Amino acid sequence: MSRQTNNNILVPTDFSDVAECAVKHAINVAKAYKNEITLMYVIEEGLLGSIFSKSQSDLLKDAMQTKLQVRAEAIAKETGIKIATRIGSGKVYKVVAETANIEKYDSIIMGSHGANGLERIVGSNASRTIQYAEVPVVVVKNSTVSSDGYKKIVMPFDLTIESRQKLDWGINIAQKFHSEIHIVYTRPDDEYLSNRMIANIKLVESALKTHKVNYKLYEFKDSLLDNFATEVHNYANIIDADLIVAMTHMEKGISELIIGTMTQQLVNRAGKVAVMCIHPTETGFSYDY
């Protein structure tokens with residue numbers, strides 16, 4: 001959590017309802033962390049080249065910039081948060097991720113319609129953005145967030161060091177919003193791996209106690225590797241959670257085989273619960289729990 005950022009949240013928008021949900025999440029986070037917000041509209045280069053002339057493209061860019069500015073001024077007036085705007089062009093997920101990576105944005109918060117949802121500029125790109133982004137990405141669908149922020153956070157854990165990297169983020173968020181963290185996990189049938197999981201969970205508990213974070217543990221007794229994401233979502237819905245925190249493409253399953261799809265499943269199935277995707281560091285964290 002010590003990385004240098006520009007203290008700014010990047011929020012891609014196509015002005016759809018789901019994009020507005022992302023804006024509301026960004027406002028709550030920005031208030032808590034004293035961030036600024038940048039609203040970004042990305043125009044697909046292929047669209048401009050195949051349909052519009054240069055003059056028409058310029059008119060479209062001007063129209064979008066005006067629309068962004070109007071929305072930004074309304075948010076700033078309502079919240080007191082400093083709001084910037086920018087127009088990009090290219091493949092949406094690459095433009096968003098590269099902008100965040102190069103300019104060291106604090107995070108990306110964006111809407112998603114899911115893998116089978118309406119193909120819109122924001123919604124069809126969220127799952128791809130998390131693969132390229134080196135900063136945390138919060139993906140929302142129809143999820144709302146109260147003015148109190150994220151009060152219940154679900155964090156799935158496995159046997160990997162990468163999985164534990166999310167703990168620092170969870171603790172930081174919990175301390176900021178006075179949240180309760182729910183640690184969910186499953187134990188392998190293999191006795192050695194089962195004992196390792198128990199040891200890992202004890203380390204997690206110790207860290208949460210040290211930082212005075214309220215928490216609960218839940219073990220999925222009958223979970224299988226291919227439905228763990230579903231059970232995480234079901235649990236999050238049952239407890240009325242606000243946020244699920246997961247690692248991106250290095251998350252592994254209980255057999256320690258890289259499955260790659262778990263975070264994608266969490267994002268694609270995201271409904272009323274937002275999903276925060278953390279990009280793992282290559283060297284891992286040094287834990288002194």
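Ile-153 stands opposite Leu-243 in strand S9, and this pairing is a convenient place to enter the structure, which is a predicted model. Strands S6 and S9 run parallel and are joined by two bridges, and within S9 the bridge partner of Val-154 is Ile-244. S6 also has strand S7 as a partner, with five bridges joining the two in the parallel sense; here Pro-156 has Val-184 of S7 as its bridge partner. Four of the five residues of S6 are buried, so this strand is largely enclosed by the rest of the structure.

S9 is likewise mostly covered, since five of its five residues are buried. The covering applies to both faces of S9, with Leu-243, Val-245 and Met-247 buried on one side and Ile-244 and Ala-246 buried on the other. S9 and strand S10 pair in the parallel sense over five bridges, and Met-247 stands opposite Ile-278 in S10.

These pairings belong to an open sheet of ten strands, arranged in the order S3-S2-S1-S4-S5-S10-S9-S6-S7-S8, in which the pairing is mixed. The edges are formed by strand S3 (83-89) and strand S8 (214-219), each of which pairs on one side only. On average, and with direction ignored, neighbouring strands of this sheet are turned by 25 degrees against each other. In general, the strands of a sheet pair through backbone hydrogen bonds, either parallel or antiparallel. At the S8 edge, strand S7 (residues 180-185) and S8 pair in the parallel sense over six bridges, and the bridge partner of His-182 in S8 is Lys-216.

Within this sheet, strand S4 offers a single residue to look at, Ser-107. Ser-107 is buried, with a relative accessible area of 7%. Leaving aside residues up to four places away in sequence, Ser-107 touches Asn-8, Ile-9, Leu-10, Val-135 and Pro-136.

The helices that pack on the sheet come next. Helix H1 (residues 17-33) lies across strand S1 (8-12), strand S2 (36-43), strand S4 (107-111), strand S5 (137-140) and strand S10 (274-278), and runs at about 150 degrees to S4. Helix H7 (residues 166-177) also packs on the sheet, where it touches strand S6 (152-156), S7, strand S9 (243-247) and S10, and its direction makes about 175 degrees with that of S6.

How do these two helices, H1 and H7, cross? Two packed helices are described by the angle between their axes and the distance between the axes. The axes of H1 and H7 come within 10 Å and cross at roughly 80 degrees, which makes H1 roughly perpendicular to H7. Asn-28, Val-29, Ala-32 and Tyr-33 of H1 make the contact with Asn-172, Ile-173, Lys-176 and Phe-177 of H7. Sorted by class, the residues in the contact of H1 with H7 are five nonpolar, two polar and one charged.

Two of the contact residues, Tyr-33 and Phe-177, are aromatic, and a search of the whole structure finds eight aromatic pairs. The ring centres of Tyr-33 and Phe-177 are 6.4 Å apart and the ring planes stand at 70 degrees, so the pair is edge-to-face. This pair links distant parts of the chain, as Tyr-33 in helix H1 and Phe-177 in helix H7 are 144 residues apart. Tyr-33 is partly exposed, with a relative accessible area of 25%, whereas Phe-177 is buried, with a relative accessible area of 7%.

Elsewhere in H1 lies Lys-24, which is exposed, with a relative accessible area of 52%. The C-alpha atoms of Lys-24 and Ile-75 are separated by 9.6 Å, although the two residues are 51 residues apart along the chain.

A further group of aromatic residues remains to be considered. Ring pairs link Tyr-218, Phe-220, Phe-228 and Tyr-235 into a cluster. In helix H9 (residues 228-238), the buried residues include Phe-228 and Tyr-235, together with Ala-229, Glu-231, Val-232, His-233 and Ala-236. Among the elements that cover the buried residues of H9 are S6, S7, S8, S9, helix H10 (262-268) and S10. Just after H9, Asp-240 takes a positive phi of about 60 degrees.

Conventions:
Residues numbered from 1 in each chain as written. Predicted model: local features only at pLDDT ≥ 70, side-chain atom pairs only at ≥ 80, totals over all residues. Heavy atoms only, no water. Pairing = 2+ DSSP bridges. Axes fitted to C-alpha atoms, helices over the stretch in contact; angles between N-to-C directions. Contact = heavy atoms within 4.5 Å. Parallel < 35°, antiparallel > 145°, perpendicular 65-115°, else oblique. Nonpolar A, V, L, I, M, F, W, Y, C, P; charged D, E, K, R; others polar. Phe/Tyr/Trp six-rings, centres within 6.5 Å; stacked < 30°, edge-to-face > 60°. Buried < 20%, exposed > 50% of the residue type's maximum accessible area, 1.4 Å probe, protein only.
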